[in-house]
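Biologist: I am new to this structure and would love a close look at a single part: the place where the two chains meet. Could you walk me through it?

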Number of protein chains: 2
Amino acid sequence: MITIGELARYVGVSTKTIRVYHDKGLLPEPPRDESGYRRYSAQDLVDLVKVRTLAEAGLPLATIARLSAGSPAELQDAASAAVTELTARIERLTATLSRLQRLAAGNSPFLPPEVEQHLLRLHDLGFSDRWVALERDLWILTFATYPDTARRYFADQSEAQNDPELRRLYLEYDHAHDLDPADPALADLADRIVTASLARYPTTDLNEPPDDLATLPQLVQSSINESSPAWKRLDTLIRHGLRTRR
Amino acid sequence: MITIGELARYVGVSTKTIRVYHDKGLLPEPPRDESGYRRYSAQDLVDLVKVRTLAEAGLPLATIARLSAGSPAELQDAASAAVTELTARIERLTATLSRLQRLAAGNSPFLPPEVEQHLLRLHDLGFSDRWVALERDLWILTFATYPDTARRYFADQSEAQNDPELRRLYLEYDHAHDLDPADPALADLADRIVTASLARYPTTDLNEPPDDLATLPQLVQSSINESSPAWKRLDTLIRHGLRTRR
DNA sequence: GTGCGACATTGCCCTAGGGGAAGGGTCAAG
DNA sequence: CTTGACCCTTCCCCTAGGGCAATGTCGCAC
């Protein structure tokens, strides 16, 4: 016949928790000794562990109370439902853990290392910090929302960087940031970009993202455009060129 | 420039959550558009995912607020601390999961199957329901508190059941339940049990449990003793015999 | 332009699962 | 016979949001 404190230590909860469970009807109040102390039996320990197991699995205490009063069959059903839910929760936590580890290592919590690599290389190739930051944003958004699709896109994009012709075009895009929006060089650049784009993506295949993903480039593009009237103009010219020449 | 709802969907939280984070200073309030709606950038998404990663890892929001304002080094430290803690939590949840699975299967949430086996066999060997129930309680307590030690003890005990001599003694113990406490058969039985015990455990090795565990048999023994004056007498006689004859 | 459904705003109250302190009694050891 | 470690109840507090109300706004259909 153990006291509340001993029971609590055995099960690994606080005495307060046990009293709360009594109040909420999750556990029967045990008999008291002469001085009014609660005295628990081994069966109470069994019951408490059962309740804790369900509570740790995330079931609301009210549900557990209903279950303890109900039939064992109901409890089994609820338990199997909780099993699948808890399994999912553990998986989510594992994903959180890996993000957390990247955070602890000082990295951004979602970009895979190869993307960070790619961004570093951009810098070395002469792209401006601004450009790298924007591309970074784009990848973050993409990976945060559709990791699988993102991986495909990234493979394509990082391969594109190996084509010196394309690379030069991207660099020109980058450096056009401070041009006058009316500069005729913009129209020329847009024209060459459209040509290269159509050569690389003859069909609409990889170029047109699925609907869900379509808003992401838009989002990033809009923040790009806001930072420079020249880029905004360039974007307009390119879109127009792609529409009319496809 | 996305709205709060879009941001929420990207990250997988409710809009309410985002507003709460603004209120608590976890995230800066973004600029508003003409109609007063909040408008978020990609950077806000990055920040939000960072916050959520820490929050899902179990850090209090107040801590996260401090961290976001502090240096990256502090954040990294906190993140690595959180990594170890989250790892532990996942382990605990995995243990909970296995208990939950046993619960879903209709079994007691802590006894390993071989112990259940053992208890069933006891019944077949002629032990009373009362005895089996008591022994069950003992194992439950032991496994609930010190699973590793419990496994060692159980291996020893279940092996003891294979010795027909010992088995007969345990059976006699069981059946002594309803004897008169003054019955001389009790003294005789106690004597034979002491002899067998000393033969099986010549040193104090396995017989004396570690301090932590010592209270458990006591707990069970006390409930045993309460159920029968004869058993209580037997317990006293055995303890005395072990003390004097060792 | 009128209506409609989906979205946004603030504000206020509600809840779960306890934590912690107040104010008091009890028990065992030195 | 005091001291430290328990126990008792009651009360208020906290976190991390959820829910609801009252109101304003978007974009699309008619």
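Modeller: Happily! A definition helps at the start: two copies of a chain are related by a rotation about an axis and a shift along it. To find that axis, the copies are superposed by least squares on the C-alpha atoms of residues with pLDDT of at least 70 in both. Please keep in mind that this is a predicted model.

Here, chain A is superposed on chain B by a rotation of 178° with 0.1 Å of shift along the axis, and the RMSD is 0.6 Å. That is the relation of a two-fold axis. If you would like a landmark, look for Ile90(A): of the residues of chain A, its C-alpha comes closest to the rotation axis, at 3.4 Å. The same surface serves both copies, since 95% of the contact residues of chain A recur in chain B.

Now to the contact itself, which takes 43 residues from chain A and 42 residues from chain B. On the side of chain A that touches chain B, at least two residues each come from α1 (4-11), α3 (42-56), α5 (72-104), α7 (129-145) and α11 (211-227). Among these helices, α5(A) gives the largest share, 18 residues. By residue kind, this side of chain A divides into 27 nonpolar, 12 polar and four charged.

One of the helices named there has a counterpart worth finding in chain B: α1 (4-11) of chain B supplies at least two residues of the surface near DNA strand C.

Terms used:
Residues numbered from 1 in each chain as written. Chains lettered and ligands numbered in written order. Predicted model: local features only at pLDDT ≥ 70, side-chain atom pairs only at ≥ 80, totals over all residues. Helix = DSSP H or I, 4+ residues; strand = E, 2+ residues; numbered from the N terminus. Contact = placed C-beta atoms within 7 Å. Nonpolar A, V, L, I, M, F, W, Y, C, P; charged D, E, K, R; others polar.
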